[in-house]
Amino acid sequence: MLSDSNFNDINYHVVAGTYGILDGSYVPPNTLLQLAFEDNWTDTYNNFLPAVKNVTTLIEAILNKDGNIWIAEAGQSDFTAYYNAIPLKGMGEKYLIS
């Protein structure tokens, strides 16, 4: 869908490895995500805190330009729970994610 020209203006970033507490093995999707999204994704499974920093930087840049963000969840996520618990530095209440 994102390769369709109708969506050229969408700035997207995929965050992988955001599962909560689950039983079973984690199957890393890194090869698939690189093919599908090139460099527009972050791996939280192997790099949790650097991933939070990377995504925060991306989001702050969008919000500083009065842009909008949308976080789509595909299930329980330790990453989103952690991310939502920290305020965006210097952004004020206007930009807190709920």
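Here are some notes on the model shown above, point by point.

1. Ground rules. This is a predicted model, where local features need pLDDT of at least 70, side-chain atom pairs count only at pLDDT 80 or more, and totals for chains, interfaces and linings use all residues. Residues are numbered from 1 along each chain as its sequence is written, and side-chain values use heavy atoms, with hydrogens and water left out.

2. The layout. You'll find three helices and two strands in the protein. Walk along the sequence and the pattern reads β-α-β-α-α. (Helices are DSSP runs of H or I with at least four residues, strands are runs of E with at least two, and both are numbered from the N terminus.)

3. Inside and outside. Of the 98 residues in the protein, 23% are buried; that label means under 20% relative accessible area with a 1.4 Å probe, counting protein chains only. The accessible surface comes to about 7,400 Å², and 54% of that belongs to carbon and sulfur atoms. Those areas come from the Shrake-Rupley method with a 1.4 Å probe.

4. W41. This residue sits in strand β2, and W41 counts as buried because its relative accessibility is 15%. Its C-alpha is 5.2 Å from that of H13, although the two are 28 residues apart in sequence. The side chain of W41 also makes a polar contact with the side chain of Q34, at 3.0 Å. (A polar contact is a pair of N or O atoms within 3.5 Å; within protein, one must be able to donate a hydrogen and the other to accept it, and residues adjacent in sequence count only if both atoms are side-chain atoms.)

5. T42. Strand β2 covers residues 41-43, and T42 is in it. T42 counts as buried because its relative accessibility is 7%. Its side chain makes a polar contact with the side chain of H13, at 2.4 Å. Leaving aside neighbours within four places in sequence, T42 is in contact with residues including V14, A51 and V55; contact here means heavy atoms within 4.5 Å.

6. Long-range contacts. Take the contacts in the protein between residues at least 6 apart in sequence: 68% of them join residues at least 24 apart.

How values were computed
Buried means under 20% relative accessible area, exposed over 50%, partly exposed in between (1.4 Å probe, protein chains only).
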